[in-house]
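Here are my notes on the model, point by point. Please read them with the coordinates open.

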Amino acid sequence: MKRRQHRPSFALNPNRLGHFGPYGGRFVPETLISALDELTQAYRKLKRNRSFQLELAEYLSAYAGRPTPLYEARNLSARVGQEVRIFLKREDLCHTGAHKINNTIGQALLAQYLGKKRIIAETGAGQHGVAAATAARLFNLTCDVYMGVEDMKRQSLNVYKMELLGARVLPVHSGSKTLKDATNEAIRDWVTNVETTHYLLGSVVGPHPYPMMVRDFQSVIGREARKQIREQFRSSVDVLMACVGGGSNAIGLFYPFLRDPVRLIGVEAAGLGLSTGRHAASLAKGSVGVLHGMRSLVLQDEDGQIRLAHSISAGLDYPSVGPEHAYLKKTGRAQYISATDRDAIRGFHLLTKLEGIMPALEPAHVIGILPALAQRFRRGAKIIVCLSGRGDKDLDIVRRATHSGDATT
Ligand SMILES: *Cc1c(COP(=O)(O)O)cnc(C)c1O
C-alpha cells in the first residue's frame with residue numbers, strides 16, 4: 001500500500017437515472033417512479049435553497065451537537081506504532097449516539113418542506129428507527145417504523161425507546177423476520193401511501209435519489225473533518241477509514257475528499273470469517289444483483305436468493321451495500337477490506353482501555369485491525385477514522401463475547 005496508485009477517472013455524481021457506473025438506478029414498482037421523480041426534483045431544489053440549508057445547519061448544530069470534534073488519539077497512535085497519527089471523527093458524540101441523526105434530521109426537514117405529515121422507516125437493530133422517531137418529534141410528524149419480529153426480540157430496548165418517542169413499531173413476520181423483510185414492508189407501505197408519506201431510508205441504499213441524497217446529508221462528516229484537519233491541526237491527511245454497512249458514514253466521510261490525494265479504505269464485516277459464509281462482506285463476496293430498488297453487489301446464492309448476512313454488529317449486518325461504494329471499488333478510487341467479529345471485540349477493548357472511549361461495535365471493526373494494518377502504511381501516516389457511534393448499545397454483546405473467551409486484547 002506504499003505506492004501512490006494509478007487513479008482512474010470516476011464521476012462525483014450518478015447520472016440522471018441514478019446510475020453510478022453499472023450500479024444504482026431504480027428497480028421499483030411503476031407506482032413509485034413518479035414519487036421518486038418528485039422527490040428527486042424537490043431535493044435538487046432544496047439542495048440549492050438557502051433557507052433550507054440554513055435551517056438544516058441550525059438543527060444539526062443546536063439539536064444534534066455539530067460540529068463533532070476531530071480528536072487526535074495519541075495513546076492509540078502510540079500503540080499502533082510506525083509514528084502514525086490517528087484522528088477520530090467523533091460521531092459518537094452526536095445526539096442519539098451515532099451519525100444516523102444527520103440523515104434523519106435532513107430527511108424529516110425535507111418531508112416538512114414537501115408538506116408530508118407522516119414518515120415511515122425500516123430498522124434492523126433499531127438505531128435508525130430511534131433516530132427517525134427522534135427527528136419525527138422534532139418536526140411533529142407521525143412516524144411508523146417497520147421492524148422484523150426477530151429483531152424486535154433482540155432489540156427490545158430500542159423498541160421501547162421508539163414507543164417513548166411516540167412512534168408506532170410495526171412488526172414484520174415475513175421471511176427471515178429481520179431488516180431486509182422490514183425494508184420490503186416499508187416499500188410496500190410507501191407504494192400505498194405515497195401522497196401523504198415520506199419514506200425515510202436509513203443508509204445510502206435503495207432507489208435513486210436515496211443513495212445520492214443520504215450521502216449529501218452525511219457529507220457534513222467529511223466537510224467538517226477536512227476543515228478541522230487543516231485548520232486545527234495544520235495538517236494534511238493520508239488515509240480515511242470507516243466501517244461499511246449500507247455505507248452512509250463511510251461515504252459521508254469520503255465524499256468531500258474524493259478529489260484529494262487521499263487513500264480511502266472501507267471496512268466491511270467479515271463476521272466469523274470470509275470463508276465461513278457467515279459474514280456481511282458484500283463488496284468482497286457479493287455478486288451483481290438487485291435488492292431494495294437498486295442494483296449493487298449483493299450476497300446471494302446461485303438462484304438469486306438473498307443470503308442471510310452475519311455480523312456481531314447489527315449496523316453492518318446487511319446483505320448488500322450502497323451502489324456508490326460498489327462503484328468506487330470498481331473504479332479503484334476506494335479500497336475495501338474486512339474485519340471479523342473478534343477484531344471488533346478487540347477494537348472495542350483497545351479504544352476503551354487506551355482512550356477511555358467505548359466505540360460502537362461497527363467502528364470497532366476499524367480500530368481492531370489498525371495495529372495490523374499500520375505496517376502497510378508509510379511511516380508517520382496521518383489517518384482519520386470515522387467513529388460512527390458510541391458503544392452503550394453493545395455492552396451486553398461485548399460482555400457475552402468477552403466472557404465466552406473471545407479476544408480481549
Ligand atoms: C447503522 C450504523 C452503521 C452502519 O451504517 P452505515 O450506513 O454503513 O454507516 C455504522 N455505525 C453505527 C454506529 C451505526 O449505528
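## Notes on the model

Leaving aside neighbours within four places in sequence, His 99 is in contact with Glu 91, Gln 218, Ile 221, Ser 248, Asn 249 and Ser 388. The model is a predicted one, and the points below should be read accordingly.

1. Surroundings of His 99. This residue sits in the loop that runs from strand 4 (85-90) to helix 4 (100-113). His 99 has a relative accessible area of 6% and is therefore buried, the limit being under 20%. One of its contacts is polar: the side chains of His 99 and Ser 248 approach to 3.2 Å.

2. The ligand. There are 15 residues around the ligand, and those that come nearest are Lys 100, Ser 203, Gly 247, Ser 248 and Ser 388. Ser 248 and Ser 388 also appear among the contacts of His 99. A polar atom in the side chain of Lys 100 is 2.5 Å from a ligand oxygen. A ligand nitrogen lies 2.7 Å from an N or O atom of the Ser 388 side chain. On the backbone side, a polar atom of Gly 245 is 2.8 Å from an oxygen atom of the ligand. The ligand taken alone exposes 380 Å², of which the protein buries 97%.

3. Gly 245. What does this residue touch beyond its neighbours up to four places away in sequence? The list is Gly 315, Leu 316, Ser 320 and Val 321. Gly 245 belongs to the loop between strand 9 (239-243) and helix 11 (248-254). Its relative accessibility is 8%, so Gly 245 counts as buried. From Lys 153, Gly 245 is separated by 92 residues in sequence and by 21 Å between C-alpha atoms.

4. Helix 4 and Leu 109. Leu 109 is part of helix 4. With a relative accessible area of 0%, Leu 109 is buried. Residues up to four places away in sequence aside, it touches Phe 52, Glu 55, Leu 56, Tyr 59 and Phe 139. The C-alpha atoms of Leu 109 and Ala 135 are 8.4 Å apart, with the two positions 26 residues apart in sequence numbering.

5. Helix 9. Is helix 9 (residues 210-218) largely enclosed or open? It is largely enclosed by the rest of the structure, because 9 of its 9 residues are buried. Charged residues are included, as Arg 215 and Asp 216 are on the buried list along with Tyr 210 and Phe 217.

6. Backbone geometry worth checking. Most residues other than glycine have a negative phi, and most peptide bonds are trans. Two cis peptide bonds can be inspected here. One joins Arg 66 and Pro 67, with omega about -5°, and Pro 67 lies in the loop between helix 2 (50-62) and strand 3 (70-72). Another joins His 208 and Pro 209, with omega about 15°; Pro 209 is in the loop between strand 8 (197-199) and helix 9. Positive phi values occur at Gln 82, about 60°, and at Glu 83, about 55°, neither being a glycine. The loop between helix 3 (74-80) and strand 4 holds Gln 82 and also Glu 83. Gln 82 is partly exposed at 23% relative accessibility, whereas Glu 83 is exposed at 56%.

7. Salt bridges. The count comes to 26 salt bridges. Arg 390 pairs with Asp 392, the closest N and O atoms being 3.6 Å apart, and Arg 390 is partly exposed at 36%. Lys 393 pairs with Asp 394 at 2.8 Å; Asp 394 is buried at 4%, while Lys 393 is partly exposed at 32%. In helix 16 (residues 395-403), Asp 396 and Arg 399 are 3 residues apart, about one turn of the helix, and their side chains form a salt bridge of 3.0 Å, N to O. Asp 396 is partly exposed at 46%, and Arg 399 is exposed at 51%. Elsewhere, bridges that share partners link Lys 47, Arg 215, Asp 216 and Glu 324 into one network.

8. Surface patch. Leu 157, Tyr 160 and Leu 164 make up a nonpolar patch on the surface, with a joint accessible area of about 360 Å². Tyr 160 lies in helix 7 (residues 156-164).

How values were computed. Residues numbered from 1 in each chain as written. Predicted model: local features only at pLDDT ≥ 70, side-chain atom pairs only at ≥ 80, totals over all residues. Heavy atoms only, no water. Patch = residues over 30% accessible without salt bridge, like charges linked within 9 Å, V, L, I, M, F, W, Y side chains within 5 Å. Areas by Shrake-Rupley, 256 points an atom, 1.4 Å probe, with all protein chains shown as cover. Salt bridge = Lys/Arg side-chain N within 4 Å of Asp/Glu carboxyl O. Helix = DSSP H or I, 4+ residues; strand = E, 2+ residues; numbered from the N terminus. Buried < 20%, exposed > 50% of the residue type's maximum accessible area, 1.4 Å probe, protein only. Polar contact = N/O pair within 3.5 Å; in protein donor to acceptor, adjacent residues only side chain to side chain. Contact = heavy atoms within 4.5 Å. Near = heavy atom within 4 Å.
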